[in-house]
Amino acid sequence: MPNKVKIGLIQASNDVHGDEPVSVHKEKAIEKHLRLVRDAAARGGQIICLQEIFYGPYFCAEQNTKWYESAEEVPNGPTIQLFQETAKELGTVLIVPVYEKAGIGVYYNTAAVIDADGTFLGKYRKQHIPHVGVGKEGHGFWEKYYFKPGNLGYPVFKTAFAKIGVYICYDRHFPEGARLLGLNGAEIVFNPSATVAGLSEYLWRLEQPAHAVANGYYVAAINRVGYEAPWNMGEFYGQSYLVDPRGQFVVMGSRDQDEVVIGEMDKNLIHEVRDLWQFYRDRRPETYGDMVELLP
């Protein structure tokens, strides 16, 4: 694997009104993101990550069975198969977050990891599922209506360019999984997100740089942009970024533009930081038992 790897992060607005059929959303969004993936690859991106459930609006703003139609099998659904072909054509690693149908009435918020030769390496299912109101109109992140909690642990995938982990959106508020990804060998963790101003923005530049420092790896955070009708519950504020193991921002996207954000990770810096800050050596897991006990 190379020591220096170009990372591509794709942030984009949703261009279709939420009242339109699911099929229209998926067609338009997939077409748009294929263009952006090709742009990222043309600019040197070797590992490219899309935003959370990229092929439509973030429909969790409402509770409506309509959106179950957007779920697909992973990896056997048409979207992942299409992006496997794209990864092979471009020679890039792709992280593709979709809505997964795992069985009758069984759905997950999932990211597929595809290697540079088009091989499906596996998937991560979002572990922590929020259910929280936003604003005063009854909208929010009503995710428990749509997703079961993930059941595949915290896998790390050995790709052509780096060992990568995935954490999805709300997961980033929980340091436990971030540490497990490091213990499992991640050199970079991708966090595709859909989050709005007024709820989480004050945390956006705090939590994930802290994960990067505490675990000695890179973090790539991706957030969509714009407002999504008819809910308009807040501005998706973009600012997708790559942060290094020192907590320093390598690159950051705009707040409100469709954009391909390209940054470079240097694995030598991971070794340098971990040799200086021996957090893995100095851990005391035998003292942490109370963390996994249920509270009264």
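Which residue forms a salt bridge with Glu31? In this predicted model, the partner is Arg35, and the closest N and O atoms of the two side chains are 3.6 Å apart. Both residues sit in helix 1, four positions from each other, so about one helical turn separates them. Arg35 is exposed, with a relative accessibility of 51%, while Glu31, at 41%, comes out as partly exposed.

That pair is part of a wider set, since the count of salt bridges comes to 16. Side chains of opposite charge can pair when their charged atoms come close. Another case that starts in helix 1 is Lys26, whose side chain meets that of Glu72 at 2.6 Å, N to O. Here the two partners come from separate elements: Lys26 belongs to helix 1 (residues 22–42), whereas Glu72 is found in the loop that runs between strand 2 (47–49) and helix 2 (78–90), so this salt bridge ties together parts lying 46 residues apart in sequence. As for accessibility, Lys26 counts as buried at 13%, and Glu72 counts as buried too, at 9%.

The loop between strand 2 and helix 2 turns up again with Glu52. This residue forms a salt bridge with Lys126, and their closest N and O atoms are 3.0 Å apart. Lys126 lies in the loop between strand 5 (120–125) and strand 6 (131–133), so the Glu52 pair links parts that are 74 residues apart in sequence. Are these two residues, Glu52 and Lys126, buried or exposed? Both turn out to be buried. Finally, some charged residues do not stop at a pair: Asp15, Lys32 and Asp258 are joined in a network of salt bridges.

Next come the cysteines. How many disulfides does a search of the whole structure find? The answer is zero. Cys49, for one, is in no disulfide, and the nearest cysteine sulfur to it belongs to Cys169, 12 Å away. A disulfide would need the two sulfur atoms to be within 2.5 Å, so a distance of 12 Å rules that pair out. Cys169 is likewise in no disulfide; its nearest cysteine sulfur is that of Cys60, at 9.4 Å. Both Cys49 and Cys169 are tucked away from the surface: Cys49 is buried with a relative accessible area of 0%, and Cys169 is buried with 6%.

On to the strands. An open sheet is built from six of them, arranged in the order 8-9-10-11-14-15, and the pairing is mixed. The edges are taken by strand 8 (156–158) and strand 15 (249–252); each of these has a single partner strand, so one side of each is left without a neighbour in the sheet. On average, and with direction ignored, neighbouring strands of the sheet are turned by 20° against each other.

At one end of that order, strand 14 (residues 241–243) pairs with strand 15 in the antiparallel sense, over three bridges. Within this pairing, which residue of strand 15 does Tyr241 stand opposite? It is Met252.

A helix also meets this part of the sheet. Helix 5, made up of residues 207–215, lies across strand 10 (188–193), strand 11 (218–223), strand 14 and strand 15. Relative to strand 14, helix 5 runs at about 30°.

Technical notes:
Residues numbered from 1 in each chain as written. Predicted model: local features only at pLDDT ≥ 70, side-chain atom pairs only at ≥ 80, totals over all residues. Heavy atoms only, no water. Buried < 20%, exposed > 50% of the residue type's maximum accessible area, 1.4 Å probe, protein only. Pairing = 2+ DSSP bridges. Helix = DSSP H or I, 4+ residues; strand = E, 2+ residues; numbered from the N terminus. Axes fitted to C-alpha atoms, helices over the stretch in contact; angles between N-to-C directions. Contact = heavy atoms within 4.5 Å. Salt bridge = Lys/Arg side-chain N within 4 Å of Asp/Glu carboxyl O.
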